[in-house]
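Me: I should like to go through this structure and ask, for each description, what justifies it. Please set each value against its criterion.

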Amino acid sequence: MEKLHFLTAGIPSIAKDYTNAFDVLNDLKLDGLEVEFVHGVRYGEKTREAILNRGDFLITHHGPYYINLNAKEQDKKEASIKRVLDTIRAANDLGAYSITYHAAFYLGESSETVTKKMIDCHKKIVEIANEENLKAWIRPETTGKKSQWGTLDEIIELSKNFDNVLPCIDFAHIHARQEGKFNTYDEFCYILEKLGKNLGEIALNNFHGHVAGIEYGSKGEKKHLIFEESDFNYKDLLKAMKKFNIKGALVCESPNIEIDTKILKDYYESL
Ligand SMILES: [Zn+2]
């Protein structure tokens, strides 16, 4: 990637639907959007056409919420694998750069056990994606709740096994899960340095991350907030991203969608 792109999570709130979403992004001078397949990987022909005619805008995909690759029931696990694969297939169809999803819950098992199971499960996903010649980056997201598998260390460990798997770093989730830590320039640099050291320059030059204001408690993430109503230190995050010369996509998941995305991009460009 040649630069850091600023993406809205879903279509901007002032857009009608996908048919004018990219015109709105163009007016706002934003760089693209994350297509949210939260309730299933489905889209109509009109949406498909609008996305395919987006010009230079970058898109990423967020997979359905009903994914648990560590489900005890085999049918639920298989359905979760299919949802991840369908998200990658949609990326291939629509030209999305990268896809992300919340991979699994621990369900009482240890980090080591679930990480091992995730590696096995992703072997299957990657094998099928490669067979079908699907090109998008495959990215489990760093998760915000302590019940969810997906710390930065766990996802780095998983990613080391595959050429086309990298973490999607959700900075708000990491901050919420650690109950307020990871909110300073040094801590953001620590995350990015760790990413580069463990997975190489390719991870810094092909980045996919999420950011938002966030409310949290003893179990981690509660809900997303706008920056103004949260303690999230997006300014120091952007300074760290600039220092590491991060290239790729940063998706803003604040509830006011385009407003906070614009705040991010404007601040980044002022640095
Ligand atoms: Zn997410």
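Me: What makes V38 exposed?

Reply: In this predicted model, V38 has 11 other C-beta atoms within 10 Å. A residue counts as exposed at 12 or fewer, so V38 is exposed. V38 lies in the loop between β2 and α2 (45–52).

Me: Which residues does V38 touch, not counting residues up to four places away in sequence?

Reply: V38 touches H62, P64 and Y65. By contrast, consider D231: its C-alpha atom and that of V38 are separated by 26 Å, and the two residues are 193 apart along the chain.

Me: Why does I246 count as buried?

Reply: I246 has 24 C-beta neighbours inside 10 Å. The criterion for burial is 20 or more, and therefore I246 counts as buried. I246 lies in the loop between α9 (234–243) and β12 (248–252). Leaving out residues up to four places away in sequence, I246 touches L4, L192, L204, F207 and M241. E201 is 45 residues from I246 along the chain, and their C-alpha atoms are separated by 9.6 Å.

Me: N245 is found in the loop between α9 and β12. Is N245 buried or exposed, and why?

Reply: N245 has 12 C-beta neighbours inside 10 Å. The limit for an exposed residue is 12 or fewer, so N245 counts as exposed. N245 also has a positive phi of about 55°, although it is not a glycine.

Me: What is to be said of phi at F182, and is F182 buried or exposed?

Reply: Phi of F182 is near 55°, which is a positive value in a residue other than glycine. F182 has 22 other C-beta atoms within 10 Å; since burial requires 20 or more, F182 is buried. F182 lies in the loop between α6 (171–177) and α7 (185–199).

Me: How do you know which strands are at the edges of the open sheet of eight strands?

Reply: The strand order is β6-β4-β3-β2-β1-β12-β9-β8, with parallel pairing. The strands β6 (137–140) and β8 (169–170) each pair on one side only, and these are the edge strands.

Me: What shows that β2 and β3 are paired?

Reply: Strand β2 (residues 32–36) and strand β3 (residues 58–62) run parallel and are joined by five bridges. Pairing requires at least two bridges, so these strands qualify. Within this pair, V35 stands opposite H61 in β3.

Me: How many bridges join β3 to β4, and what follows for their pairing?

Reply: Two bridges join these parallel strands. The requirement is at least two, so β3 and β4 count as paired. H61 has I99 as its bridge partner in β4.

Me: What makes both faces of β4 covered?

Reply: S98 and T100 lie on one side of β4, I99 and Y101 on the other, and all of these residues are buried.

Me: Which helix packs on the sheet, touching β3, β4 and β6?

Reply: Helix α3 (residues 74–94) does so, and its direction makes about 155° with that of β4 (98–101).

Me: What makes β10 and β11 a hairpin?

Reply: Strand β10 (residues 213–217) and strand β11 (residues 220–225) pair in the antiparallel sense over five bridges. Two residues make up the hairpin connection between β10 and β11. I214 has H224 as its bridge partner in β11.

Me: How do α4 and α5 pack, and which residues meet there?

Reply: Helix α4 (residues 111–131) and helix α5 (residues 152–159) pack at an angle of about 35°, with axes 10 Å apart. Their crossing is right-handed. From α4, S111, T115, M118, I119 and H122 meet E154, E157 and L158 of α5. The residues of this contact divide into three nonpolar, three polar and two charged.

Me: Why is the protein called as compact as a globular protein of its length?

Reply: Its secondary structure comes to 10 helices and 12 strands. The radius of gyration is 17 Å, close to the 18 Å that the globule rule gives for 271 residues, so the protein is as compact as a globular protein of that length. Of the 271 residues, 47% count as buried.

Conventions: Residues numbered from 1 in each chain as written. Predicted model: local features only at pLDDT ≥ 70, side-chain atom pairs only at ≥ 80, totals over all residues. Helix = DSSP H or I, 4+ residues; strand = E, 2+ residues; numbered from the N terminus. Contact = placed C-beta atoms within 7 Å. Axes fitted to C-alpha atoms, helices over the stretch in contact; angles between N-to-C directions. Left-handed = near helix turned anticlockwise from the far one by under 90°. Nonpolar A, V, L, I, M, F, W, Y, C, P; charged D, E, K, R; others polar. Rg over C-alpha atoms; globule rule 2.2 N^0.38 Å.
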